[in-house]
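Trainee: Could you take me through one part of this model up close? I'd like to hear about a sheet and whatever packs around it.

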Amino acid sequence: MVGLLVAVHELGHFTAAKALGVRVLRFSLGFGPPIVRLRGRETEYQIGAVPLGGYVRLLGEDPSDPVAPADRGRSFADKPLWKRLIVVFAGPAANLLFPLAIYFTFFFGHHELPAAVIGDVLSGGPAAQAGIEPGDRVLEINGDEVRTWEELEDTIDRNAGNSLRLKLRRADKDVYAFVTPRQHVLRTRTGEKTEQGLIGVTQAPFAPIVGVVDPTSPAARAGLRTGDRIMSVDGRAVASFGELDRALGTRPRRVLLAYLRGRAASAGFAEIRVYEPGIADLVPETAARRPAWSGIASSEFFVAAVEPASPAAAAGLRPGDVIVALDGEPVRHWIQLDQALLGDPDRRFRLRWQRGGAGGVETLEADVRQERRAVTDEYGQDYTLTVFGAANDFRVGRGEMVPIESRFAYAASHAAMRTGETIALMARGLVALIHGKLPRDTVGGPIMMYRMASVSGEKGWDAFLMMLALISINLGLINLLPIPVLDGGHLVMFAIEAVRRRRLPSRVREAVVMVGLAIIVGITVLALKNDIVRYLIR
């Protein structure tokens, strides 16, 4: 990783110098005595014994260097200021642009995208209120053609609070719906927040996986269990829970359900999941205010796991419980429960759930307050996590896909967008670090680099290349810092010379370089100290 990124950086300097007529004396990957050396017509190429950097040596880089008569005009010091600026800036620019090639390769490998087809509609959301149904294909928004889910999302995000006119294809006819996206803040358990528009739809349909809480219900008597995946109703395949719900209908009638039931098994070399088929003879029954009651619910609401010593465990939640209300408000979807908890992580909530037992279903309530924990991720980075402690095992199906019309244009535009977003994100982080808004222990050195490279490498080429892009941008931005010795420091000195319209005296340049070296040594000591504390002592 280091060798490749250094090569990219130095190739930027090298290419710019060659293009602008500056003689390159040496191109070296690594420092120290050369282990490989090749002599070109005018440039010496070598690989140094210490592979932690590299350099390009230009003729006249030090104004005191002697220049042979044959090389007059090819010295770096003799070039106009704008050419010297380009040569210096080309190194960081190469690191900032290198991710373009990585991201382009990544996106060019895509052949299809999620289609603008509604997988499911969240109850109570703007889409449900507008009459949008699962399976609707969005054709236009305010007269503009929409083809992919990404286009649908972007339009909704840009128009939070504005009424949108959607042209939909439903079955074999066109229908129209007016919907106003809500401004929504999406929160993660690490504290990150992003703003987006929300109408309450999903691209992937909710899988037809059922939950059964009441052991006396028709579903339980038919042999169904929580986690069973329904494949068909009376021989007709169902692909989503919505289709299952509609197939069961509102009138009590006897149906045959084909299902798959999974169980964990060991294959000797790996843990696998085996699915066994089954048939359930379901006979719904009528009850007060519950026509055609079968006892089937979506598995989305069922607790699949409870972390020991967590707030959920302390409240009394167990696997198999069904969360039904939070602060007295019905829970319609697990994501809404999760976002409500994260919206006020320090508040005490009142949680209500149901639990099946030998005597039927009992309703339980308890107060729950999330806790904050300091955790360390696989890269050795520390962060704070908001912990609830209960999780579901809900899975979604696969939504409809459409082929990419122009893979080259798609890859180029998305690579440029991803590169720009990453540069902006890392620049903000670097500014926050300089201003003291980020702790100094986030700075890392060679051990952190090794850890990041090895962990991402173990995940496969995609993860390694994504990490390579991030580190390349990081290297480019750091080299642009106005610190003497770094490229950014040279750019500042050139700017001062442009204002003064003459070169800085040699003694001033030497003093500035010494200051820069001292800063770099300080940063290096800090990085090494953090590496030792993070990876060797802890």
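Mentor: Here is a walk through one sheet, its turns and its helix, with a short look at some helices elsewhere.

Keep in mind that this is a predicted model. The sheet is an open one of four strands, running in the order β22-β21-β23-β24 with antiparallel pairing. Its edges are β22 (329-330) and β24 (360-369); each has a single partner strand, so one side of each has no neighbour in the sheet.

Let's start at the β22 end. β21, residues 322-326, pairs with β22 in the antiparallel sense over two bridges. Look for Ala-325, whose bridge partner in β22 is Pro-330. The loop between β21 and β22 holds Asp-327. Check the backbone there: Asp-327 isn't a glycine, yet its phi is positive, near 55 degrees. That catches the eye because most residues other than glycine have a negative phi. With 32% relative accessibility, Asp-327 counts as partly exposed.

You can find another case away from this sheet. Asp-234 sits in the loop between β13 (229-233) and β14 (236-237), and has a positive phi of about 50 degrees without being a glycine. Asp-234 also counts as partly exposed, at 41% relative accessibility.

Back to the sheet, now at the other edge. β23 and β24 pair over 10 bridges, again in the antiparallel sense. They make a hairpin, with two residues between the strands. One bridge to pick out is that of Phe-349, whose partner in β24 is Val-368.

And what packs on the sheet? That's helix α8, residues 334-343, which touches β21 and β23 (348-357). The direction of α8 makes about 50 degrees with that of β21.

For helix against helix, go to α10 (residues 446-459) and α11 (residues 461-479), which pack at about 150 degrees with axes 7 Å apart. The cut-off for roughly antiparallel is over 145 degrees, and α10 and α11 therefore count as roughly antiparallel to each other. On the α10 side the contact includes Met-449, Met-452 and Ala-453, while α11 brings in Ala-463, Phe-464, Met-467 and Ile-471. By type, the contact residues come to seven nonpolar, two polar and one charged.

Last stop, helix α4 (residues 149-158): its buried residues are Trp-149, Leu-152, Thr-155 and Ile-156. Viewed down the axis of α4, they fall within an arc of 130 degrees, so they line one face of the helix. Among the elements covering them are β3 (112-114), β5 (137-141), β10 (193-198) and β11 (201-202).

Methods:
Residues are numbered from 1 along each chain as its sequence is written. This is a predicted model: local features need pLDDT of at least 70, side-chain atom pairs count only at pLDDT 80 or more; totals for chains, interfaces and linings use all residues. Side-chain values use heavy atoms; hydrogens and water are left out. Two strands pair if DSSP finds at least two bridges between them. Contact means heavy atoms within 4.5 Å. Axes are lines fitted to C-alpha atoms, for helices over the stretch in contact, and angles run from 0 to 180 degrees between N-to-C directions. Angles under 35 degrees count as roughly parallel, over 145 as roughly antiparallel, 65 to 115 as roughly perpendicular and the rest as oblique. Ala, Val, Leu, Ile, Met, Phe, Trp, Tyr, Cys and Pro count as nonpolar, Asp, Glu, Lys and Arg as charged, and the others, Gly among them, as polar. Buried means under 20% relative accessible area, exposed over 50%, partly exposed in between (1.4 Å probe, protein chains only). The arc is that of the directions from the helix axis to the C-beta atoms.
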